[in-house]
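Work through the exercises below with the sequence and the model side by side, and try each task before reading its solution.

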Amino acid sequence: MKRSDFLKAGAGLGAMTFISNLSIGANTPNHVISDTARIIRNEHGKTLNVLGDKMTLKLTSKDTGGRFALIEQNNEPGVSIPLHVHENEDEIFKVIQGQLEVQVTDETWTLNPGDLAFCPRGVPHTWKVTGEENAKVDLSFFPAGLEEMFDELAQLPEGPPDFDVIAKITGRYGVNFL
């Protein structure tokens with residue numbers, strides 16, 4: 001079979017399977033196509049406000065078998081997180097819109113749309129939204145699990161943060177502020 005015939009046949013079979021799977025419950029968030037495949041529409045996901053960090057959980061440990069998680073952040077200029085280190089996860093920040101200042105150890109960069117930063121576990125880092133517009137950032141971490149910490153932090157009462165409580169929660173997940 002020629003490569004072009006193979007690709008045409010495969011595309012047709014794949015498209016028929018994809019379309020037939022989408023027709024079952026296509027309007028549900030995080031539509032399951034197979035044991036691990038998902039379709040997540042732009043407007044879907046669990047939205048959290050984590051101490052001012054506005055995020056939408058798009059893929060969680062439950063969706064990926066614990067391999068990774070993907071969160072969409074959408075924050076105003078000035079929103080930041082203190083310098084911290086992860087014991088267990090590597091992180092990737094990819095800027096979709098706006099500007100994000102990222103500090104890794106003692107070096108700082110300004111990321112623009114299309115730029116990304118990789119922050120390996122054990123390396124101190126921080127970020128801050130800069131510029132004049134909101135920053136939309138895709139945050140991935142490997143392995144998954146921190147989304148549980150974010151969910152816990154989002155449940156804290158409004159008002160001035162209690163840093164002792166925050167440190168206890170983040171410490172249980174191997175995230176420590178410096």
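Three exercises follow, each with a worked solution, and they concern a predicted model.

**Exercise 1.** Find how many helices and strands there are in the chain, and state what percentage of its residues is buried.

Solution. Begin with the secondary structure, where the chain is found to hold 4 helices and 13 strands. Turn next to burial, for which the computed share is 33% of the 178 residues in the chain. Finally, consider contacts between residues at least 6 apart in sequence, of which 61% join residues at least 24 apart.

**Exercise 2.** Determine how strand 3 and strand 4 pair, and describe the turn between them.

Solution. First locate strand 3 at residues 46–50 and strand 4 at residues 53–59, which pair in the antiparallel sense over 5 bridges. Within this pairing, Asn 49 stands opposite Lys 54 of strand 4. The two strands form a hairpin with 2 residues between them, and in that turn Leu 51 has a positive phi of about 55 degrees.

**Exercise 3.** Describe how helix 3 and helix 4 pack, and decide whether they are roughly parallel or antiparallel.

Solution. Start from the geometry: helix 3 (residues 146–154) and helix 4 (residues 163–172) pack at an angle of about 160 degrees, and their axes lie 9 Å apart. Since angles over 145 degrees count as roughly antiparallel, the two helices are therefore roughly antiparallel to each other. Their crossing is right-handed. The contact is made by Met 149, Glu 152 and Leu 153 from helix 3, together with Ile 166, Ile 169, Thr 170 and Arg 172 from helix 4. Sorted by character, these contact residues comprise 4 nonpolar, 1 polar and 2 charged.

Key. Residues are numbered from 1 along each chain as its sequence is written. This is a predicted model: local features need pLDDT of at least 70, side-chain atom pairs count only at pLDDT 80 or more; totals for chains, interfaces and linings use all residues. Side-chain values use heavy atoms; hydrogens and water are left out. Axes are lines fitted to C-alpha atoms, for helices over the stretch in contact, and angles run from 0 to 180 degrees between N-to-C directions. Angles under 35 degrees count as roughly parallel, over 145 as roughly antiparallel, 65 to 115 as roughly perpendicular and the rest as oblique. A crossing is left-handed if the near helix is turned anticlockwise from the far one by less than a right angle, and right-handed if clockwise. Contact means heavy atoms within 4.5 Å. Ala, Val, Leu, Ile, Met, Phe, Trp, Tyr, Cys and Pro count as nonpolar, Asp, Glu, Lys and Arg as charged, and the others, Gly among them, as polar. Two strands pair if DSSP finds at least two bridges between them. Buried means under 20% relative accessible area, exposed over 50%, partly exposed in between (1.4 Å probe, protein chains only).
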